[in-house]
Amino acid sequence: DEDEDLIPGSNATFPLGFTSSEKQDGDKLLSAIHPDMLDAMLEEEGISRAEAADQIQSMFGGLGSFGSINIDYEITDVENLSASDVADLEESYQDIGGDGIKVDAAKNLELKVSFMGESNDTELTVFKSGLKWYVAF
């Protein structure tokens, strides 16, 4: 099944670009953003991909006095977005990357995120473009 990594209780490499047990890395975190969307965001900010990855890594590095920093997450619920909502999401990305970003599917996720001993519930919308899932913005 194409969505077996989206089963509640899982913490597979979807959608954050890393497994919950893997050390966080700026490049891996950026991989959760569609490349065309990332390029547009970086252009708007006037920074390179390497600079963005370094900034993310510095953010985690500044927490180094706490030892190894891990963000653990568990998918607690998954809701498929309707075809209409998928079309709306795709339309909102029409000016990104020349021809726009193709959105094949989208889901709302409920996550339990744990960071430095604190645990919070949060929601995240993700979309599938081609064979990969990305965080929606």
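**Entry 1: the turn between β3 and β4.** In this predicted model I began with the hairpin that β3 and β4 form, where two residues lie between the strands and where G130, in the turn, has a positive phi of about 70°. I then looked up the pairing itself and found that β3 and β4, the latter covering residues 132-135, run antiparallel and are joined by four bridges. Within this pairing I noted that F127 stands opposite Y134 of β4.

**Entry 2: the other side of the hairpin series.** Going back along the chain, I found that β2 (residues 105-115) and β3 (residues 118-129) are also antiparallel, with 11 bridges between them. One partnership that I traced is that of L111, whose bridge partner in β3 is T122. These two strands likewise form a hairpin with two residues between them, and M116 in that turn has a positive phi of about 50°.

**Entry 3: the cores.** I next asked which residues of the largest nonpolar core touch the most other members. Of its 20 residues, they are L30, M37, L89, Y93 and F127, so that I met again the F127 that stands opposite Y134. The elements that contribute two or more residues to this core are α1 (26-30), α2 (35-45), α3 (49-61) and α4 (83-92). I also noted a second, separate core of nine residues, among them Y73, I75, L109 and V126.

**Entry 4: around M37.** Finally I listed the contacts of M37, leaving aside its neighbours within four places in sequence, and found Y93, I96, I101, F127, V135 and F137.

Key:
Residues are numbered from 1 along each chain as its sequence is written. This is a predicted model: local features need pLDDT of at least 70, side-chain atom pairs count only at pLDDT 80 or more; totals for chains, interfaces and linings use all residues. Side-chain values use heavy atoms; hydrogens and water are left out. A nonpolar core is a set of buried Ala, Val, Leu, Ile, Met, Phe, Trp, Tyr and Cys residues joined through side-chain atoms within 4.5 Å. Buried means under 20% relative accessible area, exposed over 50%, partly exposed in between (1.4 Å probe, protein chains only). Contact means heavy atoms within 4.5 Å. Two strands pair if DSSP finds at least two bridges between them.
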